[in-house]
Each structure stands twice: as C-alpha cells, then as structure tokens.
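Colleague: Could you take one part of this model and walk me through it slowly, as you would for someone in a first year of study? I would like to see how packed helices are described, and then what lies around them.

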Amino acid sequence: MSDSASKEDIAAVERCAAAFNQIKQELEKVIVGQKEVIEQVLVAMLARGHALLEGVPGLAKTLLISSVADALHMTFKRIQFTPDLMPSDITGTEIIQEDLQTKQRAYKFLAGPLFANMVLADEINRTPPKTQAAMLEAMQERQVSAGGSIHKLPAPFFVLATQNPLEQEGTYPLPEAQLDRFLLYIKVGYPTGAEEWEVARRVTTGQMGRISSVVSGDDIVQFQQLVNRVPVSDQVLGYAWALVRASRPGTPEAPDVVNKWASWGAGPRGVLTLVSCAKARAILHGRYHATTGDVQAVAKAALRHRVAVNYAAQANDVTSEKLIEMLMQAVPADRKYEKPAM
C-alpha cells in the first residue's frame, strides 16, 4: 500500500471512529446502558455480517435495533415472526398483472420486506424451520429467488434478529448450521440498578429523545471496504487461529477443558469471524490495526454459537460462554504465533 493510500485510510478510520461516537451519543437519547451490545451490533455491520440478539422479553432488543436504524440513514423493515409466517411473506411473490392498454397478462414480482438495507427479524425462533431457512438463505446469498428469477437484495444488507431464550414456550430452536450464518450471537442482559432507574424515569416522564441520522448506507459500504483493507498481523491472526483450533475436542491443540466439556468446536468460519470483527472493532475505536485484545473482546459473541458443550457440561452448569472463558485462559494471547508449515 502506498503512503498516500495509507494516509487516506488512516483519515477514513478517524471518520469512522467519529461517526461511531456520534451514533453512540444519538442512541443514548433513547437507550440506557447496553454499550457493549451496541458496539457488537456495529462491529457486525462493519464486518459485513448479521447479528442475533438473545434476551428475555422486555429488555428493549427491538427498541435498540430500531434506534440503530434511526441513527443510520438507510431503509428499514421490521418482520414479526409468527408460527403461520410463510417464506413468500418475507421474500416476496409473483402475481399475474394485466396491462391496461395491451390487455396482456404477465407476472410481476412484488418484493417482500427483506428488500431493505436493515431488516429486523423479530423473534425469529417463533416461526417454523421452513421460513427460518428462507430467511437465512437470503442472509447468506444476499438474494432471493421467485418464479425462477433471482432478485438481488440492496447493499448494504443487514439482518438483526432477536430471539427469546429457548426455554420459553412456543419456540422453534435454530439449528447449529443456521446459527452459524450469524456473524455474532449477542446476549442482552438485565440492566444495572441505576440503568433501570433511569429507564423508568425517562419513560414515565416522557423524556425519551429523538434520534437523528448520522451516517448513510454509502458510508457503511465505504467503512466495510476499509475493514477489508486494514492489515492484520500474524500475531492477531495466529491468536484467532489458535483459539478456534483449540476449541475442537479430540484434536492435538485441544486443552483438557475442551476435551472434557465440548461436544464440538468452531469451524474455519470462526477464524474469519474473529479476525474481521477484531479489525472492525479496532476501526470503531480509531485504530488502523487490530490487537489480540480486540479478538478477546469479540470472542464470546463470535464463538458462543459455534462451540457446543456436551451433556456432562450441561449437568455441571458449564455453558458455552464459560467454556470460551476457560478456552481463552488456556490459549495465551502473548505467545508468539507463526504460520504453520504446509
């Protein structure tokens, strides 16, 4: 990369970090706390991926996502997933339409709510697998097919899905292969006491702010391209690679905790996710280089749906999240990593 190109990219990183700070300021008008969740949602966007948010009802998951959409000047659609939702309800369908002048009949495609820059898939685990599959296919291919024709989805295209915990009644759990389509799996927890107090005060006194748009879809596309151009050191790549390799039970790299508690580990997509999200996080914080600290910051959201615990772990209350914590303790970030021989 030339010096001039490097200077341009460094200036672009500064613009991205400034926009991120503006977005946070706008969201604080409506959202109290949840700073880590907001950061992870924006990281997923810059890394050109989709995010799944999970939390019990009433934690403002839908409000958070719609507020992010307000801060980004892009088209936004919300789909409420229900048990009777059909694939054509979200992708669109072809209808026969008659030309008023020629009286000729022809098929015309009516685009569904997926045709937006940002799509909120609300309670995605409340709809049957057939509709889930259509949704996740659109996420993967960024296109839908109807009547033998392919229809491209707009760019940028993000899906931010919410789901209630699987122990809630009336849910259809997403299979692991479909969960893997989501770049990040974000857990939304309860607010702190002070945050909940502030939420109650604002809502009951009508002091919710109005969010202004900060960046456009074109800006997001440019930031995504910037993420691709950011270099990654062998140390950062090696640490992400080592974490994923160590997550697979029965392999030479697996530590004892993984062999004891894991059913299976992350695939190659796990390494790609850790590296791309680490670079995106670095840019949001105004840095033109990712660190192992960035990898650690996104590791839980990137791996919790890619590392499965076994029955023994479940019986001992060892969750995927706890296993990832033990995994990061077993794989030191300061070890020197180099490309292995072919």
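Modeller: What follows is a close look at a pair of helices, and after that at a few other places in the chain. Please keep in mind throughout that this is a predicted model.

Two packed helices are described by the angle between their axes and the distance between the axes. For helix H11, which covers residues 268–284, and helix H12, which covers residues 292–303, the axes come within 9 Å and cross at roughly 130°. An angle from 65 to 115 degrees would count as roughly perpendicular and one over 145 as roughly antiparallel, and H11 and H12 are therefore oblique to each other. The crossing of H11 with H12 is right-handed. If you look for the residues that make this contact, you will find Gly270, Thr273, Leu274, Cys277, Ala278, Arg281 and Ala282 on the H11 side, and these meet Asp294, Val295, Ala297, Val298, Ala299, Ala302 and Leu303 on the H12 side. Sorted by class, the contact has 10 nonpolar, 2 polar and 2 charged residues.

Helix H12 also leads us to alanine 333, which sits in the segment after helix H14 (320–330). Leaving aside neighbours within four places in sequence, alanine 333 is in contact with Gln235, Tyr239, Thr292 and Gln296. The C-alpha atoms of alanine 333 and tyrosine 239 are separated by 6.1 Å, although the two residues are 94 residues apart along the chain. With a relative accessible area of 17%, alanine 333 falls under the 20% cut-off, and so alanine 333 is described as buried.

A second residue can be read in the same careful way. Glutamine 224 belongs to helix H8, residues 217–229, and is buried, with a relative accessible area of 8%. Not counting residues up to four places away in sequence, glutamine 224 touches Met45, Leu46, Arg48, Pro156 and Phe158.

Finally, we can turn from helices to strands. There is an open sheet of 5 strands, arranged in the order E3-E6-E9-E1-E10, with parallel pairing. Strand E3 (76–80) and strand E10 (184–187) are the edge strands, each pairing on one side only, and the twist from one strand to the next averages 20°. At the E10 edge, strand E1 (residues 51–54) pairs with E10 in the parallel sense over 4 bridges, and glutamate 54 has lysine 187 in E10 as its bridge partner.

Notes. Residues numbered from 1 in each chain as written. Predicted model: local features only at pLDDT ≥ 70, side-chain atom pairs only at ≥ 80, totals over all residues. Heavy atoms only, no water. Axes fitted to C-alpha atoms, helices over the stretch in contact; angles between N-to-C directions. Helix = DSSP H or I, 4+ residues; strand = E, 2+ residues; numbered from the N terminus. Parallel < 35°, antiparallel > 145°, perpendicular 65-115°, else oblique. Left-handed = near helix turned anticlockwise from the far one by under 90°. Contact = heavy atoms within 4.5 Å. Nonpolar A, V, L, I, M, F, W, Y, C, P; charged D, E, K, R; others polar. Pairing = 2+ DSSP bridges. Buried < 20%, exposed > 50% of the residue type's maximum accessible area, 1.4 Å probe, protein only.
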